[in-house]
Structures are given as C-alpha cells and as structure tokens.
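Me: I'm new to this structure and would like a close look at a single helix, along with enough of the surroundings to find my way. Could you walk me through it?

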Amino acid sequence: MHYFSTRDLRREWPATLDAALAAGLAAKGGLYVPAALPAFALTDFAGCASLPAIAQRLLTPFFAGSSLAPALREICLEALDLPAPIVNLHSVAGNSTHLLELFHGPTAAFKDFAARFLAACLARLRTRDDPLRTVLVATSGDTGGAVAAAFHRRPGFRVVIVYPDGRVSPRQAHQLGAFGDNVHALRVAGSFDDCQRIVKQVLGDRDLATRLALTSANSISLGRLLPQMAYYAYAALQLRRSAALDAAVAPTVIVPTGNLGNALAAILVREMGLPLGDIHFATNANRTLPDFFSGADYHGRPGVATLANAMDVGDPSNFERLAWFFKDRDVRSSGIFAHSIDDTTLSARIAAGEADYGQVWCPHTACAVEVLEQLRAGASGPFLLVATAHPAKFDNVVEPLVGHPVAAPPALAELLARPSHSEMLDASAAALVERLQLGW
Ligand SMILES: *Cc1c(COP(=O)(O)O)cnc(C)c1O
C-alpha cells in the first residue's frame, strides 16, 4: 500500500508506510492518506474475536510492503490489548443503545490506543545508529499524556510536551508532569493554538528538526489514524455477533469530535464495508463542522474555550482527509451529520447523568449523550456512542455538577500520587528551540 499527501491531487509522490509514519506531515503540508481503501466482508474476520486480532486483520492491507508487516501482529498485541468494553445504556428500553468505552488505558482517554500504536511502530522503525529522538508534542491535555505514557522509558526516545498553562484540567496538568525520566513537560502562558503554532514552527524547520532529531506525534499522524479504525471494526463486529442487533440494521454512531481524527476512523471503517450506519459528530460550541454540515462553506476559525476542552478546535485538521475521501461525492449527503452542544446544555447533561442513566460522563462523552437524546426523539436506534475519557480526568468540571468526588481509575490514580514537575516556557518558537538545545 502506498500513501499520498492530501495536497497531491495528481498522485505524483507516493510514500511508503514507513516513510509516512516517520514523517508525520506529508508533502506540501498535507496529511497522509492511503492510496485505496480495501473492502471487507464480515467473513473476512472469521476467527478474529479480540481487538488485537481484528486490528491485525483490518490493518494487514495497509501494512503490505512495509518493513513493519512481519511485526504487525506483535505491534497490535503490544499496543491495542486494552479493554474496550461495550456497555448497555440502561435507561433505554431494550438493548438498542451501546457505549463503547475507550478510556481504560493508562491515561484514561481514547488517545492511548493511537499513541501506543504509533510508539510501537516508531520503536521498530528505529535503526541501531539512530540518535536519541525527541518526540515533540503540543497538547490540549489528553494527547500529551497518552504520548508520554507510550514512550515513557522507551530507549532511544524522549518526549517533550508543550501545553497551555491553566487551560488543561488540574489533573491533566499533574499527569503531564508526573512521568519523569525521559518525559519533560513545558507549560506556556497562552492557548493551545499558541502551543501548536510554536511546535509546528519548530518541526517545520527541516534543518533544525534534523539537527535536534525531532519527531512529531501530533493528531494528524497516519500512525494514529490507522489504529483508531480498529476499535470501530471491533465494535461493529461485536454488536453483529452478539445478536444484540437485527442483522438488517447497522448502529447509528455518535462520536465526540474535535480535530475529527476519531470520527474519521469510524467513517473509513464504514467505507470499507463494516456494518456501521449514520455517523454523527458531537461537537461543543466550536461550530465549524456543524455549520459546514448544515450547508455553509467550510470556514476554519480560532477555537473557543469550552468545558469539553479536548474538543476546543476551530479548524479541525482531519477535515482535509475527509474532503479527500469524498472528493467525488457530496459528503453532506453521505450519512454524516454534525451537532453543536453549548456549555449550558452540556452541564445539564452531566448533572442528569446519574439520574437518567446511572452514569457519570466526562464532558466530551456528555456531548455525545446529548446528541443521542436529540436523535432519539425521531429515531429508535440502535445507537453506538463513544466514551472518549474517564470523568475523573475532568474532576474540576464534573464534580461540582454531580455533587460528589469522582474516583480516578487505578492507572490515573497512580500518576496522580506521584510528584509532578513542569517548566514555564515563553510562548515563542525561539524559546522552545533554546530549551531543546539546552537538553536534559
Ligand atoms: C481528543 C479528544 C476528543 C476529540 O477527538 P478528535 O479525534 O480530535 O476529534 C474527544 N474527547 C476526548 C476526551 C479527547 O481527548
């Protein structure tokens, strides 16, 4: 399989998977996309039950010709053997509403799946005489932790996290600074957009990036998109096999959406033939996608701060990939929808979670539940919702609304019990370069 840049419309510069994984960003500032999407039938997954086994089957065509192909099984086992339970939402009559919980990894958000997969690939692409690589990552909270956990104590790598001071939850901030060893957290007096800008600027300087052996693990990396497809295939197969669903119907999928990485993976899995129905993006007050899907031209804009901070994105990078896959079709009449949930509605939904469903939601998952409530007025399901983070990660938002403490899951509690250290950094690329040159 070859990969192209979304900005290479004439398909002039095919890249191998290995090159695409190592590079992060594609030619002309585009994003890597596979040359073709393979088609699958349910029978292709006969004998595959676990997430790693389904991932291996699904990703085999994408790894064809890669030096990593012989290691794919091992990579899937190492990175994706995390619990991804599908639970029923009990207030709903019958068995027709399912929640795919993707927050049981080491940092309690879905980003663990992708970060671990990318790390497993990059570690295997490393050659003996490679210099110590610095993985530079800007984060609005969850990506940084997931990347840190995935590369923590991995020989040959160090992680430098850049995050906006005061704009991530207190527990997220503690977590980012709690790894130690080869992980370094830098906090910037500015917004997530500022962090992303300075990191992009530094990574975009090729000479500098080579000299300092920098590499990226940002949310547009192909190495993050591929593994995210695996859990949608897993969920589609599980629901079909468990006879939870009538064989004639595919579940309507609702995904909390910011940069559009997670939801795009669901769309691609449906494109490849697995049984998923309409796909709904649940966004917060950042209306770029809802405005586009209700007929406006695409109009990227600065992100606005909301209670669901991991989705505070005003110009979702993966929109460019979506446009590539739908360049010959109207994406707005392709079973894809987008909804915006404001903070007031979101707060009410979190507050009502226990009474309505016996569940405490993270603010992002609560956006999806609100969309579910709106859709249920006109449709009977079945529904598949994605829970993107554990509510304990956003205790500052969630606890006042539910009126009691929310205990952290064990892996998160362990990080929170460790001391945490971060350094202040000026919000400029020059300051970041200076800090990187100083070393650790
Ligand atoms: C990153 C994140 C999202 C948004 O996912 P995208 O792939 O950027 O659309 C939603 N919820 C949580 C908890 C996240 O960390």
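Reply: Happy to! One definition helps before we start: a residue is called buried when its relative accessible area is under 20%, exposed when that area is over 50%, and partly exposed in between. Please also keep in mind that this is a predicted model.

Let's look at helix α14, which runs over residues 363-376. With 14 residues at 1.5 Å a residue, α14 should span 20 Å, and because its end C-alpha atoms are indeed 20 Å apart, expectation and model agree. How many of its residues are buried? Eleven of the 14 are, so α14 is largely enclosed by the rest of the structure. You can pick them out in the view: Pro363, His364, Thr365, Ala366, Cys367, Ala368, Val369, Glu370, Val371, Leu372 and Leu375.

One of these, Leu372, gives us a bridge to another helix. Leu372 and Leu225 lie 147 residues apart in sequence, and their C-alpha atoms are 25 Å apart in space. Leu225 belongs to helix α9, residues 222-241. Its relative accessible area is 5%, so Leu225 is buried. Setting aside residues up to four places away in sequence, Leu225 touches Gly261, Leu264, Ala265, Leu268 and Arg321.

Just before that group of partners comes Leu260, in the loop between β9 (252-256) and α10 (261-271). Leu260 is not a glycine, yet it has a positive phi of about 75 degrees. With a relative accessibility of 1%, Leu260 counts as buried. Ala108 is another non-glycine residue with a positive phi, in this case near 65 degrees. You will find Ala108 in the loop between β4 (97-101) and α4 (111-125), and it counts as buried at 1% relative accessibility.

For a contrast, try Ser317, in the loop between α11 (288-293) and α12 (319-325). Is Ser317 buried or partly exposed? Its relative accessible area is 23%, so Ser317 is partly exposed. Not counting neighbours within four places in sequence, Ser317 is in contact with Leu31, Ile220 and Asn259. Phe192 is 125 residues from Ser317 along the chain, and their C-alpha atoms are separated by 14 Å.

A second helix worth a visit is α6, residues 170-177. Its buried residues are Arg171, Gln172, Gln175, Leu176 and Gly177. What covers them includes the helices α5 (142-151), α15 (395-402) and α16 (410-417), together with the strands β6 (157-164) and β7 (183-188).

Now step back to the whole protein chain. Its secondary structure comes to 17 helices and 13 strands. A compact globule of 440 residues would have a radius of gyration near 22 Å, and the chain has 21 Å, which agrees. Along its principal axes, the C-alpha trace spans about 60 × 50 × 40 Å. Of the 440 residues, 58% count as buried. Among contacts with a separation of 6 or more, 74% come from residues 24 or more positions apart. The accessible surface is about 16,700 Å², with 51% of it belonging to carbon and sulfur atoms. Finally, the chain holds 37 positive and 40 negative charges, whose mean positions are 5 Å apart.

To return to your helix: eleven of the 14 residues of α14 are buried, in a chain where 58% of the residues count as buried.

Technical notes:
Residues numbered from 1 in each chain as written. Predicted model: local features only at pLDDT ≥ 70, side-chain atom pairs only at ≥ 80, totals over all residues. Heavy atoms only, no water. Helix = DSSP H or I, 4+ residues; strand = E, 2+ residues; numbered from the N terminus. Rg over C-alpha atoms; globule rule 2.2 N^0.38 Å. Buried < 20%, exposed > 50% of the residue type's maximum accessible area, 1.4 Å probe, protein only. Contact = heavy atoms within 4.5 Å. Areas by Shrake-Rupley, 256 points an atom, 1.4 Å probe, with all protein chains shown as cover. Lys, Arg positive; Asp, Glu negative; His and termini not counted. Charge placed at Lys NZ, Arg CZ, Asp CG, Glu CD. Expected span 1.5 Å × (residues − 1).
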